[in-house]
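User: I would like a close look at one part of this model. Please keep it brisk and stay with what the coordinates show.

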Amino acid sequence: HNKLLYGCLETLVLAVLAKEPRHGYALKWTLAEKSKYHIQPVFGRLYPLLAALERRGWIAGSIEPAGRSRVRKVYAITSRGRTRLAFLIRQWNGFQAAVNTFLRPPD
């Protein structure tokens, strides 16, 4: 089910960030915990996705202190990202409805 995950990871990341800004590690664990560990993106996929979303202007990253000598990048959704998320949710709902027509038991 990893292929299914990576097809919708953009939507999930934007949805999480729409609720609250997060750094990459916290984002990974939010996705895992909320999905009861069905969704566990690897960092090798998550961080390139975050970079791509930032390049497109859908999220914005800012450097924040993380302890005495460390920093971390915290990502927040932008207004353009919220518009993109709304589009992706509409797309997902249509796709889900179409798939569900095939998954219902016969009458």
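In which loop is Lys 36 found? Please describe that stretch and what surrounds it.

Analyst: Lys 36 is found in the loop between helix 2 and helix 3 (43–55). One caution: this is a predicted model.

Start with the overall frame. The chain has four helices and three strands. Along the sequence they follow the pattern α-β-α-α-β-β-α. The C-alpha atoms fill a box of roughly 65 × 30 × 20 Å along the principal axes. Of the 107 residues, 33% count as buried.

Now the loop itself. Lys 36 comes just after helix 2 and takes a positive phi of about 55°. Lys 36 is a residue other than glycine. Most residues other than glycine have a negative phi. Is Lys 36 buried or exposed? Lys 36 is exposed, because its relative accessible area is 67% and the cut-off for exposed is over 50%.

Tyr 37 sits in that loop between helix 2 and helix 3 as well. Its phi is near 70°, again a positive value in a residue other than glycine. Tyr 37 has 43% relative accessibility, so it counts as partly exposed. Partly exposed covers the range between the buried limit of 20% and the exposed limit of 50%.

Step back into helix 2, which spans 24–34. Its buried residues are Gly 24, Leu 27, Lys 28, Thr 30, Leu 31 and Ala 32. One of them, Lys 28, is a lysine that counts as buried, whereas Lys 36 in the loop is exposed.

Helix 2 also helps to line a pocket. Helix 1 (2–19) and helix 2 each supply at least two residues of the lining of the second largest pocket. Helix 1 gives the most, with four residues. Leu 12, Ala 15, Val 16 and Lys 19 are among the lining residues. Arg 22 is in the lining too. Thr 30 and Leu 31 appear both in this lining and among the buried residues of helix 2. Lys 34, Ser 35 and Ile 39 also belong to the lining. The space in this pocket is about 200 Å³.

Finally, the surface and charge of the chain as a whole. The chain exposes about 7500 Å², and carbon and sulfur atoms supply 57% of it. The chain carries 18 positive and 6 negative charges, and their mean positions are 4 Å apart.

To sum up the loop: Lys 36 is exposed with a positive phi, and Tyr 37 is partly exposed with a positive phi.

Note on methods. Residues numbered from 1 in each chain as written. Predicted model: local features only at pLDDT ≥ 70, side-chain atom pairs only at ≥ 80, totals over all residues. Heavy atoms only, no water. Buried < 20%, exposed > 50% of the residue type's maximum accessible area, 1.4 Å probe, protein only. Areas by Shrake-Rupley, 256 points an atom, 1.4 Å probe, with all protein chains shown as cover. Lys, Arg positive; Asp, Glu negative; His and termini not counted. Charge placed at Lys NZ, Arg CZ, Asp CG, Glu CD. 1 Å grid on protein atoms, 1.4 Å probe; cavity = no way out; pocket = protein on both sides within 12 Å on 5 of 7 lines; lining within 4 Å. Points joined across faces, edges and corners; volume = space filled by probe spheres on them.
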